[in-house]
Amino acid sequence: MGCEVLCSKCGRKTENLLDYKCSCGQPLEVHLKINFEVKKIRARNYSVWRYSRFFPYVKETEIINLGEGWTPLVNFSDNSYFKLENLNPTGSFKDRGSTVLISAVNKLVEKAGGCISEDSSGNAGASVAAYAARAGLKAKIYVPEAVSGPKLNQIQSYGAEVVKVSGDRSRVAEEAQKAEKRKFYVGHILHPVFRDGIRSLAYEIAEQLSWQAPECVYLPVSAGTLLLGVMKGFNHLVKSDAIENMPKIIACQTQQVSPLYHRFLKSSYTPPEEITSIADALVSVNPPLLNLMVKSLREANGDAVMVEEYEIFSAFKELAWKGFFVEPSSAVAYAGYKKQLKNKEASKDDKTVIILTGMGLKTMLKPSQ
Ligand SMILES: [Zn+2]
């Protein structure tokens with residue numbers, strides 16, 4: 001059907017779109033066997049689904065859509081552009097993953113009379129809850145016990161069942177994955193189809209720049225779905241000759257949560273006992289996809305940058321004062337760009353896209369603090 005789902009380690013193939021990992025325990029990946037063709041874009045559809053031909057495992061009649069994608073790419077200054085992913089239906093880029101994932105599995109779950117489960121107290125939890133609601137599916141969202149604030153309120157507002165779990169973040173994931181009758185775990189970090197949906201972001205950037213890929217793309221990295229999805233999309237475009245060169249992808253991390261940065265630069269990393277960063281969506285100190293991220297970033301000649309708290313806050317404030325109210329985690333990408341400009345590791349002459357991942361209404365932080 002134009003693609004297959006294979007284990008990233010042992011190569012085993014699965015036919016079941018509900019599988020979230022291989023029987024050997026390693027992550028699964030969607031492998032495309034079709035080329036990207038500009039003439040196959042549904043030009044009058046202004047959502048992720050203008051690229052529906054390149055998601056061959058989703059049936060057109062089963063698409064669950066809230067108007068996600070085709071977000072603006074605005075020129076900021078010189079050759080830098082912001083991709084406004086904060087303008088997606090639930091306020092973050094995660095909607096790209098959710099629309100593709102829920103479209104791919106909703107009939108399977110419905111036929112089994114089941115519900116879906118996900119572990120996330122943040123943007124992914126809210127996004128999956130929204131798309132489950134649109135599909136008429138019951139969703140159980142597992143969150144850490146202490147969680148509160150606008151994102152939890154958003155998850156509950158979509159009607160999802162919130163299950164609070166005590167203990168650390170890995171305990172929350174364990175509970176969400178625990179086998180229960182007719183409960184299907186579709187966790188966004190592991191599920192290959194969620195990650196695959198993020199590919200659409202690369203297609204959009206290339207199309208909005210008239211198929212001239214930018215020189216650089218800056219994005220924040222936590223669990224790695226954004227990084228891996230965007231790289232996969234650009235790789236697909238290069239292999240299909242839709243763009244000439246792969247942009248340089250720069251993974252931006254916080255000083256507190258920087259396992260990829262350290263592994264990439266071959267230095268050691270010890271996570272703090274408690275994460276207190278204002279970039280509170282970036283929490284993966286031990287991401288299950290770390291090996292995959294390092295490998296992909298090296299193969300693509302990418303780079304990684306780490307920013308300090310004061311740099312994140314200053315970037316958050318600067319963005320807001322210029323009219324871009326995003327959550328502090330999104331400001332990490334802009335802070336990374338500014339840092340590399342300052343260190344002469346980046347140039348203002350290069351066409352650069354900075355992905356603003358989530359909206360400012362999700363934060364309680366005030367720029368005047
Ligand atoms: Zn395997």
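In the predicted model, Y218 of strand β10 has I354 of strand β13 as its bridge partner, and this pair belongs to a parallel pairing in which β10 (residues 216-220) and β13 (residues 352-356) are joined over 3 bridges. Helix α11 (residues 328-342) packs on the sheet that contains these strands, touching β4, β5 (80-84), β10, β11 (248-254), β12 and β13, and its direction makes about 105 degrees with that of β12. The sheet itself is open and is formed by 6 strands in the order β4-β5-β13-β10-β11-β12, with mixed pairing. Its edges are occupied by β4 (73-77) and β12 (303-307), each of which has a single partner strand, so that one side of each is left without a neighbour in the sheet. On average, and with direction ignored, neighbouring strands of this sheet are turned by 25 degrees against each other.

An open sheet of 4 strands is also present, with the order β8-β7-β6-β9 and parallel pairing. Here β8 and β9 stand at the edges with a single partner strand each, and one side of each therefore lacks a neighbour in the sheet. From one strand to the next, the twist averages 30 degrees.

Within this sheet, strand β6 (residues 115-119) pairs with β9 (residues 183-185) in the parallel sense over 3 bridges. Across this pairing, C115 stands opposite K183 of β9, and S117 stands opposite Y185 of β9. Strand β6 is also joined to β7 (residues 139-144) by 4 bridges, and these two strands run parallel; the bridge partner of E118 in β7 is I141. Between β6 and β7 the chain passes through helix α2 (residues 123-135), and the resulting β-α-β crossover is right-handed. Helix α2 lies across both β6 and β7 and runs at about 170 degrees to β6.

Strand β6 is mostly covered, with 5 of its 5 residues buried. In a regular strand the side chains alternate between the two faces of the sheet. In β6 both faces are covered, since C115, S117 and D119 on one side are buried, as are I116 and E118 on the other.

Helix α4 (residues 169-177) has V172, A173, E175 and A176 as its buried residues. When viewed down the axis of α4, these buried residues fall within an arc of 160 degrees, so they line one face of the helix. An α-helix has 3.6 residues a turn, so residues three or four places apart point the same way. The buried residues of α4 pack against β6, β7, β8 (161-165) and β9. The helix α4 lies across these strands, β6, β7, β8 and β9, and runs at about 170 degrees to β6.

A further position examined was K94, which is found in helix α1 (residues 94-111). With a relative accessibility of 12%, K94 counts as buried, because the cut-off for this class is under 20%. When its neighbours within four places in sequence are left aside, K94 is in contact with N123, A124, S127, H188, F194 and T225; among these partners, A124 and S127 fall in helix α2, which covers residues 123-135. By contrast, K94 and V238, which are 144 residues apart in sequence, lie 24 Å apart in space from C-alpha to C-alpha.

For the protein chain as a whole, the secondary structure comes to 11 helices and 13 strands. Of the 369 residues in the protein chain, 58% are buried. Among contacts with a separation of 6 or more, 70% are accounted for by residues 24 or more positions apart. The C-alpha trace spans about 55 × 50 × 40 Å along its principal axes. A compact globule of 369 residues would have a radius of gyration near 21 Å, and the 19 Å of the protein chain agrees with this expectation.

Note on methods: Residues numbered from 1 in each chain as written. Predicted model: local features only at pLDDT ≥ 70, side-chain atom pairs only at ≥ 80, totals over all residues. Heavy atoms only, no water. Buried < 20%, exposed > 50% of the residue type's maximum accessible area, 1.4 Å probe, protein only. Pairing = 2+ DSSP bridges. Right-handed = clockwise from strand over helix to strand, strands pointing away. Arc of directions from axis to C-beta. Contact = heavy atoms within 4.5 Å. Axes fitted to C-alpha atoms, helices over the stretch in contact; angles between N-to-C directions. Rg over C-alpha atoms; globule rule 2.2 N^0.38 Å.
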